Each structure stands twice: as structure tokens, then as C-alpha cells.
Amino acid sequence: MATVADLKHGQKGIIIDFDDNVLPIKLMELGCLPGNEVELVQVAPLKDPIYINVSGTHIAIRRILAKQIPVDIIDNSSSL
């Protein structure tokens with residue numbers, strides 16, 4: 001199963017259902033909820049943290065936390 005940490009720069013995914021105890025409440029309040037689209041915006045030089053866009057909000061999260069957020073990766077190759 002893919003996670004937010006598996007996304008490549010500019011790639012998007014849809015957050016899959018996860019255990020409520022995995023994410024801090026603040027992240028859920030910012031839109032990290034099942035069914036929402038997430039996009040990898042940027043990765044810091046040492047690969048941690050990563051910057052994501054969720055519901056129009058840019059959020060910096062640690063890679064270890066990103067590995068706990070499962071996503072269905074959206075295939076952009078068919079959008080020509």
C-alpha cells in the first residue's frame with residue numbers, strides 16, 4: 001500500500017481510511033482526512049520534512065508521519 005511518503009514531486013493521491021490514533025488532531029483539522037486529495041509539493045534537502053498540499057493548505061510533516069498516511073496514487077499519465 002502506498003503512503004504520502006511514496007509520492008513523487010507533483011504527484012497526487014487520495015487519502016485512504018486510517019486509524020484515528022495515527023495522526024495528530026491538528027493535521028486532521030487541516031484536511032488530512034480520508035477521501036481528500038494530497039499533493040507532494042516539495043521535499044527538504046535532507047528528505048525531511050516534506051511539504052504537502054491538502055485542501056489548499058501547504059503543510060510540512062515529518063517523513064515518518066507521512067509513512068503512516070495511506071493513499072491511492074492518482075495516475076496522471078492518462079491526462080493528455
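## Close-ups of a predicted fold

**Figure 1. Glu 37 is partly exposed, with a relative accessibility of 38%.** The cut-offs here are under 20% relative accessible area for buried and over 50% for exposed, with partly exposed in between (1.4 Å probe, protein chains only). What you're looking at is a predicted model, in which local features need pLDDT of at least 70 and side-chain atom pairs count only at pLDDT 80 or more, while totals for chains, interfaces and linings use all residues. Residues are numbered from 1 along each chain as its sequence is written, and side-chain values use heavy atoms, with hydrogens and water left out. Glu 37 makes a salt bridge with Lys 12, and their closest N and O atoms sit 3.7 Å apart. Since Glu 37 belongs to strand β2 and Lys 12 to strand β1, the pair ties together parts that are 25 residues apart in sequence. A salt bridge here needs a side-chain nitrogen of Lys or Arg within 4 Å of a carboxyl oxygen of Asp or Glu. Lys 12 also counts as partly exposed, at 28% relative accessibility. On the backbone side, Glu 37 in β2 is the bridge partner of Ile 14, and β1 and β2 run antiparallel, joined by three bridges.

**Figure 2. A second salt bridge links Asp 48 and Arg 62, with an N to O distance of 2.9 Å.** Asp 48 is in the loop between β2 and β3, and Arg 62 is in the loop between β4 and α2 (63-66), so this pair ties together parts 14 residues apart in sequence. Asp 48 is partly exposed at 31% relative accessible area, whereas Arg 62, at 52%, counts as exposed. By the salt-bridge rule, the count comes to two.

**Figure 3. Strand β3 (residues 50-54) is largely enclosed by the rest of the structure, because four of its five residues are buried.** Strands (E, at least two residues) and helices (H or I, at least four) are DSSP runs, numbered from the N terminus. Five bridges join β3 to β2 (residues 37-43), and the two run antiparallel. Two strands are said to pair if DSSP finds at least two bridges between them. Zoom in on the β2 side and you'll find Gln 42 with Tyr 51 of β3 as its bridge partner, and Val 38 with Val 54 of β3. On the other side, β3 pairs with β4 (residues 57-61), again in the antiparallel sense and over five bridges. There, Ile 50 stands opposite Ile 61 of β4.

**Figure 4. Two hairpins, β2-β3 and β3-β4, each have a turn residue with positive phi.** In the β2-β3 hairpin, six residues separate the strands, and Lys 47 in the turn has a phi of about 70°. In the β3-β4 hairpin there are two residues between the strands, and Ser 55 in the turn has a phi of about 55°.

**Figure 5. Five strands make up an open sheet in the order β4-β3-β2-β1-β5, with antiparallel pairing.** At the edges stand β4 and β5 (71-73), each with a single partner strand, so one side of each has no neighbour in the sheet. From one strand to the next, the twist averages 35°. For these angles, axes are lines fitted to C-alpha atoms (for helices, over the stretch in contact), and values run from 0 to 180 degrees between N-to-C directions.

**Figure 6. Thr 3 counts as buried, at 11% relative accessibility.** Thr 3 lies in the segment before β1 (12-15). Setting aside neighbours within four places in sequence, Thr 3 is in contact (heavy atoms within 4.5 Å) with Ala 66, Lys 67, Ile 69, Pro 70 and Val 71.

**Figure 7. Zooming back out, the protein chain has two helices and five strands.** Along the sequence, these follow the pattern β-α-β-β-β-α-β. A compact globule of 80 residues would have a radius of gyration near 12 Å, and the chain agrees, with 12 Å. That radius is taken over C-alpha atoms, and the globule rule is 2.2 Å times the number of residues to the power 0.38. The C-alpha trace spans about 40 × 30 × 25 Å along its principal axes. Buried residues are 34% of the 80. Among contacts with a separation of 6 or more, 53% are between residues 24 or more positions apart. The chain exposes about 5000 Å², with carbon and sulfur atoms supplying 53% of that area. Accessible areas come from the Shrake-Rupley method with a 1.4 Å probe, and for residues only the protein chains shown count as cover.
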